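Q: I'd like to take a close look at one part of this model, the pocket and the helices around it. Could you walk me through it?

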Amino acid sequence: MQLPATRIEVMKFIGQKIDSVFYEFLKPIEDLWQPSDFLPDSANENFLSDVKLLQEAARELPYDYIAVLVGDTITEEALPTYESWLMTVEGVNQQDPQQGWTKWIRAWTAEENRHGDLLNKYLYLSGRVNMRAMEVSTQYLIADGFDIETGTDPYRNFVYTSFQELATNISHRRTATLAKQYGNTLLSKMCGVIAADEMRHAKAYKAFVERIFEVDSSEMMLAFEDMMRKKIVMPAHFLRETGVKIGETFSHYSDAAQRIGVYTTYDYIEIMDSLLKEWKIDKVSGLNEAGEKARDYLMALPTRLKRVAERTKAPNLDYNFSWISAY
């Protein structure tokens, strides 16, 4: 993908100022929660009784909920793919550890890394999951990589990350709400703190896009249009299990998420609508002819997607995931 030279210049311009907002969107490591803050301490004499209580609460979680929680965990654990992808973005120089964008990507993925660690350890202790099957799926997902159709274009990547961080916020927030309804206050708190991280990160990427709109409005509008025409794919869209075709397990995971209301087609549309409002797409000035056409497409898209969603039936086909232990 041949990028306009202006996009590289804009990345350099914004990158020079990223240090000034670094801790507006990220936190000092010493101030962050860590997985061990929520889980039973194996050095404590009450460890076994604490694990027993955790397992008793986990038994109340429905099958589809566990499936979604495992899928969320695997998605979070595939961070090596996400960091390596973003390090190839034009304007990022990973050979310079002090460059603003390099520091940002590493610090952001370091914060995100805690999410998979926490959920993985919880699932291991819960006794509800076939950990080897889950670990195989995680290894597959990292080995298979992904193609989110952003190429090395920073504008497209920032549209994607803005959208995706909002989607993961919704997913984790809903699993937190459901866990509370099932009486699992520990899991609810865990999913809640992960959701809060995702929202903080979403604000960062949305701010980057907003800044680009101020200095390169037409090119940013074209990048936004291009990503929405392609449709935003989830980072785990290649998810699979042993003996299953690439991406097939992701379809079943998505169906389970829709059935229990963790992440639905309407959430996708609402995220799209929220970005239009947040970036004030209807008021962006200085657009060229192509940018104006792109804006027209984007402004009409939520209504079109809602019409499609109204004709789409909710999936109700059950699926036996290899990840979930029978007991």
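Which helices each supply at least two residues of the lining of the largest pocket?

A: Happy to. Please keep in mind that this is a predicted model. The helices that each supply at least two residues of the lining of the largest pocket are α4 (63-77), α5 (79-86), α6 (100-126), α8 (154-181), α10 (217-230), α11 (248-259), α12 (265-278) and α13 (289-310). The largest share of that lining comes from α8, with nine residues.

The pocket itself holds about 1100 Å³ of space. Its lining is made up of 48 residues, and those that lie nearest the centre are Q164, V233, M234, F250 and Y263. By class, the lining of the largest pocket has 25 nonpolar, 14 polar and nine charged residues.

Let's go through some of the contributing helices, starting with α4. Thirteen of the 15 residues of α4 are buried, so this helix is mostly covered. The end C-alpha atoms of α4 are 21 Å apart, and this agrees with expectation because 15 residues at 1.5 Å a residue should span 21 Å.

Next comes α6. This helix has 27 residues and reaches 40 Å from its first C-alpha to its last, close to the 39 Å expected at 1.5 Å a residue. α6 is mostly covered too, with 19 of its 27 residues buried. Just after α6, G127 takes a positive phi of about 75°.

α6 also has a part in the largest cavity, where it gives the largest share of the lining, three residues. A search of the whole structure finds one cavity of 30 Å³ or more, and the largest cavity holds about 50 Å³ of space. Its lining consists of L86, V89, V92, W101, W104, I105, F158 and Y205. These divide into eight nonpolar residues, with no polar and no charged ones.

Moving on to α8, the loop that lies between α7 (131-144) and α8 contains E149. This residue is not a glycine, yet E149 has a positive phi of about 60°. For context, most residues other than glycine have a negative phi. E149 counts as partly exposed because its relative accessibility is 39%, which falls between the 20% limit for buried and the 50% limit for exposed.

A second residue of this kind turns up in the loop between α12 and α13, namely K280. K280 is not a glycine either, and its phi is positive at about 50°. With a relative accessible area of 47%, K280 is partly exposed.

That loop brings us to α13. This helix has 22 residues and reaches 33 Å from its first C-alpha to its last, close to the 32 Å expected at 1.5 Å a residue. Along the way α13 has a kink of about 40° at L301, and the proline P302 follows shortly after. Both L301 and P302 are among the buried residues of α13, together with G291, A294, R295, Y297, L298 and A309. The buried residues of α13 pack against α10 and α12, and both of those helices also supply at least two residues of the lining of the largest pocket.

On α11, a residue to look at is S251. S251 counts as partly exposed because its relative accessibility is 41%. In sequence, S251 and H237 are 14 residues apart, and in space their C-alpha atoms are 8.0 Å apart. F250, which lies nearest the centre of the largest pocket along with Q164, V233, M234 and Y263, is also worth viewing here.

To finish, here is the second largest pocket for comparison. About 170 Å³ of space lies in this one, against about 1100 Å³ in the largest pocket. The second largest pocket is lined by I14, K17, I18, S20, V21, F25, A207, F208 and R211. Helix α9 (residues 185-215) gives the largest share of that lining, three residues. By class, the lining has six nonpolar, one polar and two charged residues.

Conventions: Residues are numbered from 1 along each chain as its sequence is written. This is a predicted model: local features need pLDDT of at least 70, side-chain atom pairs count only at pLDDT 80 or more; totals for chains, interfaces and linings use all residues. Side-chain values use heavy atoms; hydrogens and water are left out. On a 1 Å grid over the protein atoms alone, a cavity is a set of points where a 1.4 Å probe fits but cannot get out, and a pocket is an open set with protein on both sides within 12 Å along at least five of seven lines; lining residues have an atom within 4 Å of a point. Grid points are joined across faces, edges and corners, and a volume is the space filled by probe spheres set on the points. Helices (H or I, at least four residues) and strands (E, at least two) are DSSP runs, numbered from the N terminus. Ala, Val, Leu, Ile, Met, Phe, Trp, Tyr, Cys and Pro count as nonpolar, Asp, Glu, Lys and Arg as charged, and the others, Gly among them, as polar. The expected span of a helix is 1.5 Å times one less than its number of residues. The bend at a residue is the angle between axes fitted to the seven residues ending there and the seven starting there. Buried means under 20% relative accessible area, exposed over 50%, partly exposed in between (1.4 Å probe, protein chains only). Contact means heavy atoms within 4.5 Å.
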